[in-house]
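Trainee: Could you take me through a close examination of one part of this model, residue by residue where possible? I should like to see how the exposure and the backbone angles fit together there.

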Amino acid sequence: MVKTLSRTKRKDYENYIINAIWHKLGRLDIQPVTQQYVKRTDGKYALIDLYFPQINVSIEFDEEFYISANR
């Protein structure tokens, strides 16, 4: 988990949410991947904030909204 979270340096809120989601799952067989490259429909590539390859679920965080909503 430390290695996974180190891929998102200087993103404290994102790391907090990733850690919380992973702990809520409570399953060691489902490991998160951060900053996962994905190919978009326009042929370009993007980074997904959080991806669980074992269950094919991805999550994108809107940090600007999260930060402003929690101030």
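**The hairpin and its surroundings**

Mentor: N56 has a relative accessible area of 59% and is therefore classed as exposed, since the cut-off for that class is over 50%. The model is a predicted one. N56 belongs to the loop that lies between β2 and β3, the latter covering residues 57-59. The phi of N56 is positive, about 55°, although N56 is not a glycine.

A second residue invites comparison. Q35 also has a positive phi of about 55° and is not a glycine either. Q35, however, is found in strand β1, and its relative accessible area of 12% makes Q35 buried, because buried means under 20%.

Let us now turn to the hairpin itself. Strand β1 comprises residues 33-39 and strand β2 residues 45-52; the two pair in the antiparallel sense, with six bridges between them. Together they form a hairpin in which five residues separate the strands. Within that turn, G43 has a positive phi of about 90°.

Y37 deserves particular attention. Y37 lies in strand β1, and its bridge partner in β2 is L47. With a relative accessible area of 59%, Y37 is exposed, whereas Q35, at 12%, is buried. In a regular strand the side chains alternate between the two faces of the sheet. Y37 and L47 also contribute, along with Y45, to a nonpolar surface patch of about 370 Å². The bridge partners Y37 and L47 are thus joined in this patch by Y45.

For context, consider the helix that precedes the hairpin in the sequence. Helix α2 covers residues 12-25, and its 14 residues should span 20 Å at 1.5 Å a residue; the C-alpha atoms at its ends are 20 Å apart, which agrees. The buried residues in α2 include E14, N15, I17, I18 and W22. They cover an arc of only 165° around the axis, so they are placed on the same side of α2. The face turned away from that buried side carries D12, Y16, H23 and K24, which are exposed. After α2 comes G26, with a positive phi near 65°.

To draw the backbone angles together, positive phi values occur at G26 after α2, at Q35, at G43 in the turn and at N56. Of the two that are described as not being glycine, Q35 is buried and N56 is exposed.

Methods. Residues are numbered from 1 along each chain as its sequence is written. This is a predicted model: local features need pLDDT of at least 70, side-chain atom pairs count only at pLDDT 80 or more; totals for chains, interfaces and linings use all residues. Side-chain values use heavy atoms; hydrogens and water are left out. Two strands pair if DSSP finds at least two bridges between them. Helices (H or I, at least four residues) and strands (E, at least two) are DSSP runs, numbered from the N terminus. Patches are made of residues with over 30% relative accessible area and no salt bridge: like charges are joined within 9 Å, nonpolar side chains (Val, Leu, Ile, Met, Phe, Trp, Tyr) within 5 Å. Accessible areas come from the Shrake-Rupley method with a 1.4 Å probe; for residues, only the protein chains shown count as cover. A salt bridge is a side-chain nitrogen of Lys or Arg within 4 Å of a carboxyl oxygen of Asp or Glu. Buried means under 20% relative accessible area, exposed over 50%, partly exposed in between (1.4 Å probe, protein chains only). The expected span of a helix is 1.5 Å times one less than its number of residues. The arc is that of the directions from the helix axis to the C-beta atoms.
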